[in-house]
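Reader: I am in my first year of study and would be grateful for a close look at one part of this protein chain, namely its disulfides, together with the setting in which they lie.

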Amino acid sequence: MLFTGAAMASAPPPPPAKKKDEKEGPVPGLTGAKLLRCDPGFYPSGNACKPARPGTYVPGGATFPILCPKGTTSEAKSRSLGECVPTK
């Protein structure tokens, strides 16, 4: 069978193009608190940045302290695994 005219289905028209200066907003229904960004050596806790405790480190962008490997420790505010040193 051959369909012609109004009986043929057509694809829906494409959505209108966005202007260059038009920004996309948040997705409706997906809202929430933004996570606090802290400097390396600090992690977010509530509305404040807390320093890494001795024996831990917090790399940039981390949201919680990481324990130094067994047999090592670090000073407060340590920022990387390289700051974990053997215990005495």
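Reader: To begin with, which pattern does the protein chain follow when read along the sequence?

Author: The model is a predicted one. Read from start to end of the sequence, the protein chain shows the pattern β-β-β-β-β-β. Its secondary structure thus consists of 6 strands and 0 helices. Of the 88 residues in the protein chain, 15% count as buried. The accessible surface amounts to about 7700 Å², and carbon and sulfur atoms hold 60% of that surface.

With this setting in place, the disulfides may be considered. A disulfide is a covalent bond between the sulfur atoms of two cysteines. A search of the whole structure finds 2 disulfides. When the bonded cysteines of the protein chain are numbered in sequence order, they pair as 1-2, 3-4.

One of the disulfides is formed by Cys 38 and Cys 49, whose sulfur atoms are 2.1 Å apart. Cys 38 belongs to the segment before β1, while Cys 49 belongs to strand β2, so the pair ties together parts that are 11 residues apart in sequence. The torsion about the S-S bond of Cys 38 and Cys 49 is about -90°, and the disulfide is therefore left-handed. The two partners may also be described by their exposure. Cys 38 has a relative accessible area of 16% and is buried, because buried means under 20% relative accessible area. Cys 49, with a relative accessible area of 32%, is partly exposed.

The strand that holds Cys 49 deserves a description of its own. Strand β2 covers residues 48–51 and is joined by 4 bridges to strand β1, which covers residues 42–45. The strands β1 and β2 run antiparallel. Within this pairing, Tyr 43 stands opposite Lys 50 in β2. Together β1 and β2 form a hairpin, with 2 residues between them. Gly 46 lies in the turn of this hairpin and has a positive phi of about 70°.

The other disulfide joins Cys 68 and Cys 84, with sulfur atoms 2.0 Å apart. This pair links distant parts of the chain, its two cysteines being 16 residues apart. Cys 68 is found in the loop between β4 (66–67) and β5 (72–73), and Cys 84 is found in the loop between β5 and β6 (85–86). About the S-S bond of Cys 68 and Cys 84 the torsion is about -70°, so this disulfide is left-handed. Cys 68 is buried, at a relative accessible area of 10%. Cys 84 likewise counts as buried, at 12% relative accessibility.

A charged pair may be added to this account. Side chains of opposite charge can pair when their charged atoms come close. A search of the whole structure finds 1 salt bridge. Its partners are Glu 83 and Arg 79, and their closest N and O atoms are 3.5 Å apart. Glu 83 is partly exposed, with a relative accessible area of 29%. Arg 79 is partly exposed as well, with a relative accessible area of 49%.

Finally, the contacts of the protein chain may be set beside these links. Among contacts between residues at least 6 apart in sequence, 14% join residues at least 24 apart. For the disulfides themselves, the separations are 11 residues for Cys 38 and Cys 49 and 16 residues for Cys 68 and Cys 84.

Methods: Residues are numbered from 1 along each chain as its sequence is written. This is a predicted model: local features need pLDDT of at least 70, side-chain atom pairs count only at pLDDT 80 or more; totals for chains, interfaces and linings use all residues. Side-chain values use heavy atoms; hydrogens and water are left out. Two strands pair if DSSP finds at least two bridges between them. A disulfide is a pair of cysteine sulfur atoms within 2.5 Å. Buried means under 20% relative accessible area, exposed over 50%, partly exposed in between (1.4 Å probe, protein chains only). A salt bridge is a side-chain nitrogen of Lys or Arg within 4 Å of a carboxyl oxygen of Asp or Glu. Contact means heavy atoms within 4.5 Å. Accessible areas come from the Shrake-Rupley method with a 1.4 Å probe; for residues, only the protein chains shown count as cover.
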